[in-house]
Amino acid sequence: MKSLENKKVMISGGGSGIGHAIVTELYKEGVKDFAVIGRSLEKLEALKTDFPNAEFTLYSGDIAKIEDIKEFVSIVNKKWGSADVLINNAGVVSAGAFEKISDDDIITQVNINVIGLILMTKHALPLLKNSKEAALVNVSSGLALISMPFYAPYAATKSAVKAFSESIRRELKDFPIQVTTLYPTATDTPMMSETKLEGMHSPEMVAQKLIAGIKNGDIDVILSDMDNVIQNRENPMEFDKKVEGMYDAIKKRTEKHRSM
Ligand SMILES: NC(=O)c1ccc[n+]([C@@H]2O[C@H](COP(=O)([O-])OP(=O)(O)OC[C@H]3O[C@@H](n4cnc5c(N)ncnc54)[C@H](OP(=O)(O)O)[C@@H]3O)[C@@H](O)[C@H]2O)c1
């Protein structure tokens, strides 16, 4: 997809963090029509003030609820009849010692990060197929490439997003729908407000890399250090030693890392 100008974009979680930064960058690229789903209407409504010259279809709903997904997609279908870009960005995290993460938080992470993303894609796919040139973007995480301790359920959900993306990309080969997967690492968004980390990426930079990747037709946009990714894949026991050195620090900073 060489240009994003005048593309019609559906995005989950566009009201804050990386999602808001993606809306900002898309707006700069000439996107004027956005359909955005998120649970807090207040966050969504703020988009209208932030981008007064864009047209927003806002839906206050939960992607963990199939009826909300269907209603959102149906509203978009009635309005546009097609969609050029679907960005599955919404996600939640509940970290810390595995046995201390509540059952509810484990279930909710899977429901939002995996099942919600998959069902949103399933129900919005006919709209993408109605577009002459479409893109599907799934937001995974660097933790899908290198799973760190104290993020076991979250890392599992983001690995599922990676596998889903790869499979659907290959399945859709005969359609003009490109599939791009974004792998952010620690990024300074509300999701990270409970965990203190030095040198986080800015959501603006992450969004800019994603847009460049979409325009370039990249299948993966990876923010992780590739030397670490390769070492983790090729010599995981050696990489375990590196992680051991960070164990206490990660344990401490993930104790309160919960953004649900
Ligand atoms: N920040 C990082 O360091 C980082 C690193 C790797 C990957 N990621 C991934 O990047 C994506 C964006 O995260 P972020 O850092 O920008 O976090 P964020 O600021 O908390 O944004 C998440 C957005 O998703 C929406 N959302 C959450 N659950 C939802 C649901 N059930 N239904 C509809 N919308 C929902 C939230 O809005 P409501 O609360 O109003 O619903 C919010 O707008 C997530 O998939 C996250 O896992 C983030």
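1. The ligand site offers a direct starting point: in this predicted model, a polar side-chain atom of Arg-39 is placed 2.8 Å from an oxygen atom of the ligand. Lys-158 makes a similar approach, with a polar side-chain atom 2.9 Å from a ligand oxygen. For Thr-189, an N or O atom of the side chain is 2.5 Å from an oxygen atom of the ligand. The ligand has 880 Å² of accessible area on its own, and the protein covers 95% of that area.

2. The surroundings of the ligand comprise 29 residues. The closest are Ile-18, Asp-62, Asn-89, Tyr-154 and Thr-189; Thr-189 is thus named here as well as among the polar contacts described above. Sorted by class, the shell holds 12 nonpolar, 13 polar and 4 charged residues.

3. Two helices deserve mention in connection with this shell. Helix H1, covering residues 17-28, supplies at least two of the shell residues, and helix H5, covering residues 152-171, likewise supplies at least two.

4. The geometry of helix H3 can be checked against expectation. This helix runs over residues 66-80 and has 15 residues, so at 1.5 Å a residue it should span 21 Å. The C-alpha atoms at its ends are 21 Å apart, in agreement with that value.

5. Which residues of H3 are buried? They are Asp-68, Ile-69, Phe-72, Val-73, Val-76 and Trp-80. When H3 is viewed down its axis, the buried residues fall within an arc of 125 degrees, and therefore they line one face of the helix.

6. Thr-195 belongs to the loop between strand S7 (177-183) and helix H6 (203-216). Its relative accessibility is 1%, so Thr-195 counts as buried, the cut-off being under 20%. The side chain of Thr-195 also makes a polar contact, reaching the backbone oxygen of Arg-253 at 3.0 Å.

7. Met-192 is likewise placed in the loop between S7 and H6. Is this residue buried or exposed? With a relative accessible area of 10%, Met-192 is buried. Its C-alpha atom is separated by 7.3 Å from that of His-257, although the two residues are 65 residues apart along the chain.

8. To summarise the loop between S7 and H6, Thr-195 is linked to Arg-253 through a side-chain to backbone contact, while the relation of Met-192 to His-257 is given here as a C-alpha separation. As to the ligand, Arg-39, Lys-158 and Thr-189 each place a polar side-chain atom at the stated distance from a ligand oxygen.

Key. Residues are numbered from 1 along each chain as its sequence is written. This is a predicted model: local features need pLDDT of at least 70, side-chain atom pairs count only at pLDDT 80 or more; totals for chains, interfaces and linings use all residues. Side-chain values use heavy atoms; hydrogens and water are left out. A residue is near a molecule or strand if one of its heavy atoms lies within 4 Å of it. A polar contact is a pair of N or O atoms within 3.5 Å; within protein, one must be able to donate a hydrogen and the other to accept it, and residues adjacent in sequence count only if both atoms are side-chain atoms. Accessible areas come from the Shrake-Rupley method with a 1.4 Å probe; for residues, only the protein chains shown count as cover. Helices (H or I, at least four residues) and strands (E, at least two) are DSSP runs, numbered from the N terminus. Ala, Val, Leu, Ile, Met, Phe, Trp, Tyr, Cys and Pro count as nonpolar, Asp, Glu, Lys and Arg as charged, and the others, Gly among them, as polar. The expected span of a helix is 1.5 Å times one less than its number of residues. Buried means under 20% relative accessible area, exposed over 50%, partly exposed in between (1.4 Å probe, protein chains only). The arc is that of the directions from the helix axis to the C-beta atoms.
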